[in-house]
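Me: I would like to go through the salt bridges in this structure and the reasons for each label. Please show it first.

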Amino acid sequence: MLPATFKLCAGISYRHLHNMAGLKRQAAVTIAQELNKFAFSRPGPSKWIDQVRRRSSLLSSRLEEKPFGEMEMSYIKQGEEALQKSLKILGDQDGWKTETVVVNGDTVLSKVLPDVGKVFRLEVVVDQPLDCVYSELVERMEQMGDWNPNVKEVKILQRIGKDTVITHETAAATAGNLVGPRDFVSVRCAKRRGSTCVLAGMSTAYTGMPKQDGVIRAENGPTCMVLRPLTGDPSQTKLTWLLSIDLKGWLPKTLINQVLSQTQVDFANHLRNHLAVSC
């Protein structure tokens with residue numbers, strides 16, 4: 001019943017808009033450092049990391065020409081923090097334990113972090129080019145409920161510039177209603193640099209979407225997806241998904257861990273099936 005979610009963004013307060021250049025430099029340096037860690041901790045080629053790192057100074061350069069309000073800038077900043085934290089988690093290769101390995105090679109790993117809790121990491125290869133996968137996950141995110149049974153609805157509540165959105169996600173019920181109704185309000189942003197796409201984000205507060213009667217408001221993040229062409233075969237896409245969710249309520253940890261791990265495996269299968277007919 002869990003949503004296959006992903007998110008991302010960046011920002012500061014409107015009253016400090018005159019210091020925007022300094023923020024951009026600071027954000028770019030931080031992200032470049034995390035990409036460095038991620039690159040050197042992973043085996044094999046890391047050209048996709050190099051591309052992002054070389055252009056990291058541009059990460060915040062498109063905070064659009066028009067000025068944003070204070071609240072809008074706070075949403076952008078939340079996404080920036082989610083991106084940095086996610087890349088830091090993915091860049092640390094120590095402590096990951098295998099949860100699930102599927103016959104087709106899909107792998108779910110997990111680790112426990114002091115300030116975050118248990119996080120899950122999905123590693124898969126999708127037999128479709130990056131542009132197709134990116135379009136489905138970002139440009140057509142509101143259609144996710146049509147092909148992913150774990151998601152009832154994804155609705156965009158507000159767009160902030162070209163990259164950032166506030167969304168409301170409603171999870172579908174699990175068999176036997178083992179996990180009751182949940183929903184999420186999230187800030188999302190998508191950044192594309194060269195042949196690498198990063199999608200990340202986190203839960204946020206939004207006055208336009210108060211808590212719903214009979215539905216538990218769960219939280220997620222930092223969470224992140226990294227998409228890049230498969231080395232040696234650009235017709236396929238390597239997808240890494242970091243998932244961190246707090247379902248709230250009284251649920252046994254064993255049940256939560258089982259559901260989250262299976263949710264990632266199911267997501268990969270549903271995505272493949274959908275892309276096979278849509279791309």
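Reply: Aspartate 246 has a relative accessible area of 37%, and partly exposed means from 20% to 50%, between buried (under 20%) and exposed (over 50%), with a 1.4 Å probe and protein chains only. Aspartate 246 is therefore called partly exposed. This is a predicted model: local features need pLDDT of at least 70, side-chain atom pairs count only at pLDDT 80 or more, and totals for chains, interfaces and linings use all residues. Residues are numbered from 1 along each chain as its sequence is written, and side-chain values use heavy atoms, without hydrogens and water.

Me: Why does lysine 248 count as partly exposed?

Reply: Because its relative accessibility is 31%, lysine 248 falls in that in-between class too.

Me: What makes the contact of aspartate 246 and lysine 248 a salt bridge?

Reply: The term asks for a side-chain nitrogen of Lys or Arg within 4 Å of a carboxyl oxygen of Asp or Glu. Here the N to O distance is 3.2 Å, so the pair qualifies.

Me: Why is the pairing of glutamate 169 and arginine 188 said to tie parts together?

Reply: Their side chains meet in a salt bridge at 3.3 Å, N to O. Glutamate 169 lies in strand E5 (residues 164-171) and arginine 188 in strand E6 (residues 182-193), so the bridge joins parts 19 residues apart in sequence. Strands are DSSP runs of at least two residues, numbered from the N terminus. Both residues are buried.

Me: Which residues are linked in a network of salt bridges?

Reply: Arg121, Glu123 and Lys238. Within it, arginine 121 and glutamate 123 meet at 2.8 Å, N to O, and both are buried.

Technical notes:
Helix = DSSP H or I, 4+ residues; strand = E, 2+ residues; numbered from the N terminus.
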